[in-house]
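Me: I am in my first year and I would like to learn how to read a structure slowly, one part at a time. Please take a close look with me at a single part and then connect that part to what lies around it.

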Amino acid sequence: MAKVALITGVTGQDGSYLSEFLLGKGYEVHGIIRRSSVDYRERIAHLEGTPHFHLHYADMGDSMSLVKLVGKVQPDEIYNLAAQSHVQVSFDAPEFTADVDAVGVLRILEAVRTNHLEKTCRIYQASTSELYGKVEEVPQNENTPFHPYSPYAVAKLYGYWIIKEYREAYNMFCCSGILFNHESERRGETFVTRKITLAAARIAQGTQECLYLGNLDSLRDWGYAKDYVECMWLILQYDKPEDFVIATGVQHTVREFATLAFHHAGIELRWEGEGVDEKGIVVAVSHQPSEVSSQKSAVRIGDIVVRVSPDFYRPTDVVNLLGDPSKAKRELGWNPQKTSFEQLVELMVKHDMQKVTREHFNLAEYLEKGIVK
Ligand code: NAP
Ligand code: G4F
């Protein structure tokens, strides 16, 4: 009998990679989607219609929908990835964030209990390095004290503790993966890495003039999402329900990410000024290999292509995340260095250079045919 997995947040970056991973392992995969007036299923469109992949409408804010779905699907494993996952947005929508990211976890746990599946169903909770927030030690491991530093992190802290509570109170196999930032070609376009790789590609191809960023000094431990979903699965296959830090053990600033991303887009930057006056200035431009772009670079030496805008500063910002993945390496046999920082930036820029080229050609074709003016 194939194992049955239920994924909340299946349309997201991680949900899409996890679906592919579990289908590859022979699972029957069920995913929760929510009604939207526009189609946000781009990341899983290639999976729809395949025999072992099923989508169901439900919402993390709607207990009844979750109880009914868990009863219908009878999952062996639940991967609770659904969340309002944007830290900056959580300052603008704190109540919604708490409802989905905190109480939503409780609703999943109770849906499992209501359906009497607590002895058989294993639950993975998408926890986060944001719990360490205003960090109390560097690097951070499973024993580092938490100091959440945003409404998002406070909501996720509830999720972490309610998982632990149900594990101890009801002997349920439920675990948190404390994942550090992980990125990919499918990363949401307002997270800093994807915002940078898309902007670098557009600036190189002349469809954007300047990229506006917030805190350039912020340090993150960035890994590749495709590598991280394997860990979610490994955590649920472990013989005991435990929490794990998942990270690469290497950190870089936002500025370093931007410098490398522009380099892969054919633009060398130097940085000048401080704080809100800091600028990224073009010092050299190279032609792109034809497989990433058909166009010559549109920028010139001396152009300012990155500026700082206080609009992207946060009321409280987490600035020093560095994970210690020793436990995952030792206990799960997971390789934290499968994809390096340099490879990650390169693959994201390469993808976005092609995406921007396609956008450009589509527009040119439409203009030629008189479809848009
Ligand atoms: P993401 O791309 O933003 O995806 C979030 C998913 O949650 C989407 O499928 C979204 O659906 C769904 N969702 C949001 N509100 C919902 C609701 N009320 N009901 C049902 N579904 C809802 O996030 P991600 O990067 O894949 O991250 C996955 C999980 O890991 C999140 O819980 C995130 O907080 C956590 N995490 C991420 C990272 C990271 O670096 N990526 C690190 C640590 C932890 P729509 O498509 O309909 O919006
Ligand atoms: O890319 P970010 O928005 O990711 P953040 O806040 O670290 O959150 C992500 O990772 C968490 C794991 O640690 C997840 F739990 C969470 O769901 C999400 O996936 O920002 C990274 C850093 C921040 O310090 C931010 O202040 O980049 C800084 N930054 C600088 N300029 C910017 C910008 N962030 C964004 N989004 N946009 C900017 O223009």
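The part I would like to understand is the surroundings of ligand 2: how many residues surround ligand 2, and which are the closest?

Reply: Before we begin, please keep in mind that this is a predicted model, and that every value below was computed from it.

Ligand 2 is surrounded by 25 residues, and the closest of these are Thr128, Ser129, Tyr152, Ser218 and Arg314. If we sort the shell by class, we find 10 nonpolar, 9 polar and 6 charged residues. Looking at the secondary structure, we can say that H6 and S8 each contribute at least two residues to this shell; helix H6 covers 192-204 and strand S8 covers 211-213.

Now let us go down to individual atoms. The side chain of Ser129 has an N or O atom that lies 2.6 Å from an oxygen atom of ligand 2, and a polar atom in the side chain of Arg220 is 2.8 Å from an oxygen atom of the ligand. With Gly214 the backbone takes part: one of its N or O atoms is 2.7 Å from a nitrogen atom of ligand 2. Taken alone, ligand 2 exposes 710 Å², and the protein buries 96% of that.

From here we can follow the chain through the loop that joins H6 to S8, where we find Gln205. Gln205 counts as buried because its relative accessible area is 5%, which is under the 20% cut-off for that word. A polar atom of the Gln205 side chain lies 2.9 Å from the backbone oxygen of Met353, and Met353 can be placed by its number within helix H10 (341-369).

Tyr152, which we met among the closest residues to ligand 2, also leads us to ligand 1, since the residues that come nearest to ligand 1 are Thr11, Arg34, Leu81, Ser85 and Tyr152. The shell of ligand 1 holds 25 residues, and by class these are 10 nonpolar, 9 polar and 6 charged. Helix H1 (13-24), strand S5 (122-128) and helix H5 (151-170) each supply at least two residues to the shell of ligand 1, and S5 gives the most, with 3 residues.

The polar contacts of ligand 1 can be read in the way we used above. An oxygen atom of ligand 1 is 2.6 Å from an N or O atom in the side chain of Thr11, whereas Gly9 takes part through a backbone N or O atom, which lies 3.3 Å from an oxygen atom of the ligand. A polar backbone atom of Gln13 is 3.0 Å from an oxygen atom of ligand 1. Taken alone, ligand 1 exposes 900 Å², of which the protein buries 90%.

If we continue past helix H5, we reach Met172, in the loop between H5 and strand S6 (174-179). Met172 counts as buried because its relative accessibility is 1%. Met172 and Ile123 are 49 residues apart in sequence, while their C-alpha atoms are 8.3 Å apart in space.

Aromatic rings give us another way to see how separate stretches of the chain come together. A search of the whole structure finds 13 aromatic pairs, and one of them is formed by Tyr228 and Trp334, whose ring centres are 5.3 Å apart and whose planes stand at 85 degrees, so the pair is edge-to-face. Tyr228 lies in helix H7 (residues 225-237) and Trp334 lies in the loop between helix H9 (326-332) and helix H10 (341-369), so this pair ties together parts that are 106 residues apart in sequence. Tyr228 is buried, at 1% relative accessibility, and Trp334 is also buried, at 3%.

Another edge-to-face pair is formed by Tyr238 and Phe244, with 5.4 Å from centre to centre and 85 degrees between the planes. Tyr238 is buried with a relative accessible area of 11%, and Phe244 is buried with a relative accessible area of 0%. In addition, Tyr132, Phe146, Tyr160, Trp161 and Phe180 form one aromatic cluster.

How values were computed: Residues are numbered from 1 along each chain as its sequence is written. Chains are lettered from A and ligands numbered from 1 in the order in which they are written. This is a predicted model: local features need pLDDT of at least 70, side-chain atom pairs count only at pLDDT 80 or more; totals for chains, interfaces and linings use all residues. Side-chain values use heavy atoms; hydrogens and water are left out. A residue is near a molecule or strand if one of its heavy atoms lies within 4 Å of it. A polar contact is a pair of N or O atoms within 3.5 Å; within protein, one must be able to donate a hydrogen and the other to accept it, and residues adjacent in sequence count only if both atoms are side-chain atoms. Accessible areas come from the Shrake-Rupley method with a 1.4 Å probe; for residues, only the protein chains shown count as cover. Helices (H or I, at least four residues) and strands (E, at least two) are DSSP runs, numbered from the N terminus. Ala, Val, Leu, Ile, Met, Phe, Trp, Tyr, Cys and Pro count as nonpolar, Asp, Glu, Lys and Arg as charged, and the others, Gly among them, as polar. Buried means under 20% relative accessible area, exposed over 50%, partly exposed in between (1.4 Å probe, protein chains only). Rings of Phe, Tyr and Trp (its six-membered ring) pair if their centres lie within 6.5 Å; planes under 30 degrees apart count as stacked, over 60 as edge-to-face and the rest as tilted.
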